[in-house]
Amino acid sequence: MNTRAGAVFAGAMALSLMGTVVPAGAQELSEHAVRSFMEYAWSLTPQQFSKPDGSVIVIDKTKKAEVEVPLDVARDVIKAGRLSAHAQICDLRDDQVLNHRAMMRREEAKKKWTQQNLVYISQLHLTTVMLLTGRIKLVEKEGDKEVVVDEKKSPAQTCSDEQRKKVKEMIAAYVAASPPPNFAAAAPPAAPAPGAPVATGSTSVTETTIDKK
């Protein structure tokens with residue numbers, strides 16, 4: 001677990017939020033970094049998600065290959081997550097939500113993903129945001145590693161007026177290039193209620209979400 005976590009945080013540094021805001025595609029992630037993010041997102045993916053209509057999507061944790069998405073798709077989701085993290089740092093809550101929803105509509109429009117795939121895609125986005133904003137940490141309990149969301153205040157990350165404006169422009173362009181909100185597709189899966197513990201085999205995570213559907 002330590003090795004995997006180290007690789008993921010190295011990838012997070014490659015997507016650092018410090019410095020000038022740049023287009024999401026300007027910093028290409030290596031295959032190794034993308035796979036590290038994917039592994040971490042998988043470890044945080046719970047065994048079930050509740051949809052707005054009350055139905056439950058069960059994630060078969062024994063069929064990882066069927067639930068994960070291809071590398072190129074994961075890379076795009078991580079880039080969207082990076083932009084959402086910028087929005088969170090810049091206190092652009094509404095823009096952050098719009099960015100996430102646009103990303104989900106893009107994937108739904110492909111009409112190729114199962115509900116389990118969509119849960120994983122949303123979780124990969126959320127994991128990226130939490131990694132880049134310092135919300136995830138590892139704690140050791142009785143020799144085992146537990147993945148938790150750190151509810152303590154993260155170290156201050158500044159966002160200038162110029163950066164905030166740039167982030168808004170980037171998200172507006174991303175949303176404009178995505179399927180419209182009335183896109184006729186199944187509603188994106190919703191995360192468990194904030195604060196609800198989620199078991200994931202040898203690891204567990206307290207799940208929070210940036211976007212309640």
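A crossing of two helices counts as right-handed if the near helix is turned clockwise from the far one by less than a right angle. With that in mind, and remembering that the model on screen is predicted, select helix H4, residues 71-89, together with helix H5, residues 93-109. H4 passes H5 in just such a right-handed crossing, and the axes of the two helices come within 8 Å and cross at roughly 165°. Angles over 145 degrees count as roughly antiparallel, and H4 and H5 are therefore roughly antiparallel to each other.

Next, show the side chains where these helices meet: from H4 the contact takes in Val73, Val77, Ala80, Leu83, Ser84, Ala87 and Gln88, while H5 contributes Gln96, Asn99, His100, Met103 and Glu107. Colouring this contact of H4 with H5 by class gives 6 nonpolar, 5 polar and 1 charged residues.

Keep Met103 selected and add Val34, Val69, Tyr120, Ile121 and Leu124, since these six names lead into the largest nonpolar core, which has 30 residues and in which they are the ones with the most contacts. At least two residues of this core are supplied by each of H2 (31-44), H4, H5 and H6 (115-132), and H2 provides the largest share, 7 residues.

Now centre the view on Val34, which, once neighbours within four places in sequence are set aside, is in contact with Leu29, Leu71, Ala74, Arg75 and Ile78. Finally, move to a second, separate core of 8 residues, among them Cys159, Val167, Met170 and Ile171.

Terms used: Residues numbered from 1 in each chain as written. Predicted model: local features only at pLDDT ≥ 70, side-chain atom pairs only at ≥ 80, totals over all residues. Heavy atoms only, no water. Axes fitted to C-alpha atoms, helices over the stretch in contact; angles between N-to-C directions. Helix = DSSP H or I, 4+ residues; strand = E, 2+ residues; numbered from the N terminus. Parallel < 35°, antiparallel > 145°, perpendicular 65-115°, else oblique. Contact = heavy atoms within 4.5 Å. Nonpolar A, V, L, I, M, F, W, Y, C, P; charged D, E, K, R; others polar. Core = buried A, V, L, I, M, F, W, Y, C linked by side-chain atoms within 4.5 Å. Buried < 20%, exposed > 50% of the residue type's maximum accessible area, 1.4 Å probe, protein only.
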